[in-house]
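Here are a few short exercises to work through with the coordinates open. Try each task before you read its solution.

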Amino acid sequence: MPWYGQPEKRRPAQGSRRSGAGFGGSHAVDVIWLNENPLIHYSYPWSFRRAVNSRLVSIQAKLRTRKVRGYPRHLIVDLINVCGLKCPICPNGRCEIPRKPAQMTRELFRHIMEKLGPYLYTLTLTNWGEPLRHPRLLELLAIARKYPCYIGFSSNLQHLPDALMDGLLHSGVDEIGVSIDGATAETYRRYRVGGDFDQALRNMERLIQRRTALGLKQPKIRWQVLLNRYTEVETDAVIERGRAIGVDSVMFVPIFIDISRMFTHSPKERMSRDGEWLPSDPNLSIYDETTGRLKGNPRFCSKLWDSMVIHPDGAISPCCAVIDPKDDFGRFPETGRFFSIWNNTAYQNARRRMAGRLSEPGTTVCEHCLRHGVMIY
């Protein structure tokens, strides 16, 4: 799942996708900006406390320290882990996430933000669920907006009543990514099983039109497309339709295969299960289809030093791909010090292995990434 507010991971283009452009060895998403108004591009209000923390965390990541004496700079909070669609290679769509359906309480979210909010650069409010299904979403956004971080989330936009739409537009959220895979209903239905293409497109148009009528610049509206074997031939059509509708950007996201078994099966086994979904153009795929490994896979994962994922029940994972509770690194502390979790045995062992300072095989979920080369970012 793409993170919000991290422009260093994006490759802006001027209005249309260049012929032959691809991801090569990079796992970054490909963004085409259609609205060049600088007022809607990325900006972070400056904060002395956050700047000092960021510098501290950055130094410790470079030194690959066992403990981190600063707070995460980037946070994913999965407000609700229920979606409603049945996307064929999504762990949620496959009903392969072994977590109980849950939604985060207002009290837990406030506690999280009080602890981490002052230090965050980005806050992404979705992972495996559909945030618009959370009945108290607007209340949670009001809590988040008290802190000067970049806030965004993705939605399939199947459900958008007028009251919720106006609430979102006035919430202060910076960016909403609308997941519509393809420029035609036929292509869309192949992956977004259970979704309505016309409904999603209509709701995206309504959102943009209402924003314009209110004279607002935020939130930015991004059309988000998973690049697969069916959507790869419709990229130009998506850009043109997005321009006509008035979206601010179009994002083409590389598709990741068999995330359900990312930490339990080999790259080849995962490729045999889902490889048919990869783009036929090798320049648009992030995988080496012979080995099943990611192209140009990084050997270092900074997420262990500067990022965190929190599930609806407060469980903490080192990255967004972790779906099994047995692989969690702890639970957000209701009382006591945050660093009792941030520097617990699981985090310390994972950092030591990532730094090459622990010779014996590790016992955390991160070990699989090191062994098989499946680190996402």
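## Exercise 1: a loop leucine

Leucine 160 has a relative accessibility of 5%, so leucine 160 counts as buried. Keep in mind that this is a predicted model.

**Task.** Place leucine 160 in the fold, then work out how far leucine 160 and leucine 132 are from each other in sequence and in space.

**Solution.** Start with the address: leucine 160 sits in the loop between strand S4 (150-155) and H4. Next, take the pair. Leucine 160 and leucine 132 are separated by 28 residues in sequence, and their C-alpha atoms are 7.8 Å apart in space.

## Exercise 2: the end of H5

**Task.** Decide whether tyrosine 191 is buried or exposed, and find its C-alpha distance to tryptophan 277.

**Solution.** Tyrosine 191 belongs to helix H5 (residues 185-191). The cut-off for buried is under 20% relative accessible area. Tyrosine 191 comes out at 5% and therefore counts as buried. Now for the partner: tryptophan 277 is 86 residues away from tyrosine 191 in sequence, yet the C-alpha to C-alpha distance is 9.5 Å.

## Exercise 3: two helix pairs

**Task.** Classify the packing of H2 with H3, and then that of H4 with H6.

**Solution.** Two packed helices are described by the angle between their axes and the distance between the axes. For helix H2 (residues 106-116) and helix H3 (residues 137-144), the axes come within 10 Å and cross at roughly 15°. Angles under 35 degrees count as roughly parallel, so H2 and H3 are roughly parallel to each other. Their crossing is right-handed.

Helix H4 (residues 162-169) packs on helix H6 (residues 197-213) at about 55°, the axes being 10 Å apart. H4 and H6 are therefore oblique to each other. The crossing of H4 and H6 is right-handed.

## Exercise 4: salt bridges

**Task.** How many salt bridges does the structure hold, and which parts of the chain do the pairs aspartate 306 with arginine 73 and arginine 211 with aspartate 248 link?

**Solution.** The count is 20 salt bridges. One of them joins the side chains of aspartate 306 and arginine 73, at 3.1 Å from N to O. This pair links distant parts of the chain, with aspartate 306 in helix H9 (residues 303-306) and arginine 73 in the loop between H1 and strand S2 (74-77), 233 residues apart. Check the burial too: aspartate 306 has 7% relative accessibility and counts as buried, and arginine 73, at 15%, counts as buried as well.

On to the other pair: the side chains of arginine 211 and aspartate 248 meet in a salt bridge at 2.8 Å, N to O. Arginine 211 is in helix H6 and aspartate 248 is in the loop between helix H7 (235-245) and strand S7 (249-254), so the pair ties together parts that are 37 residues apart in sequence. Arginine 211 is buried at 7% relative accessibility, and aspartate 248 is buried at 0%.

## Exercise 5: a charged network

**Task.** Which residues are linked with Asp258 and Arg261 in a network of salt bridges?

**Solution.** First look at the pair itself: the side chains of aspartate 258 and arginine 261 meet at 2.7 Å, N to O. Aspartate 258 counts as buried at 0% relative accessibility, whereas arginine 261 is partly exposed with a relative accessible area of 22%. Then widen the view: the network links Asp258 and Arg261 with Arg94, Glu96, Arg273 and Asp274.

Key:
Residues are numbered from 1 along each chain as its sequence is written. This is a predicted model: local features need pLDDT of at least 70, side-chain atom pairs count only at pLDDT 80 or more; totals for chains, interfaces and linings use all residues. Side-chain values use heavy atoms; hydrogens and water are left out. Axes are lines fitted to C-alpha atoms, for helices over the stretch in contact, and angles run from 0 to 180 degrees between N-to-C directions. Helices (H or I, at least four residues) and strands (E, at least two) are DSSP runs, numbered from the N terminus. Angles under 35 degrees count as roughly parallel, over 145 as roughly antiparallel, 65 to 115 as roughly perpendicular and the rest as oblique. A crossing is left-handed if the near helix is turned anticlockwise from the far one by less than a right angle, and right-handed if clockwise. Buried means under 20% relative accessible area, exposed over 50%, partly exposed in between (1.4 Å probe, protein chains only). A salt bridge is a side-chain nitrogen of Lys or Arg within 4 Å of a carboxyl oxygen of Asp or Glu.
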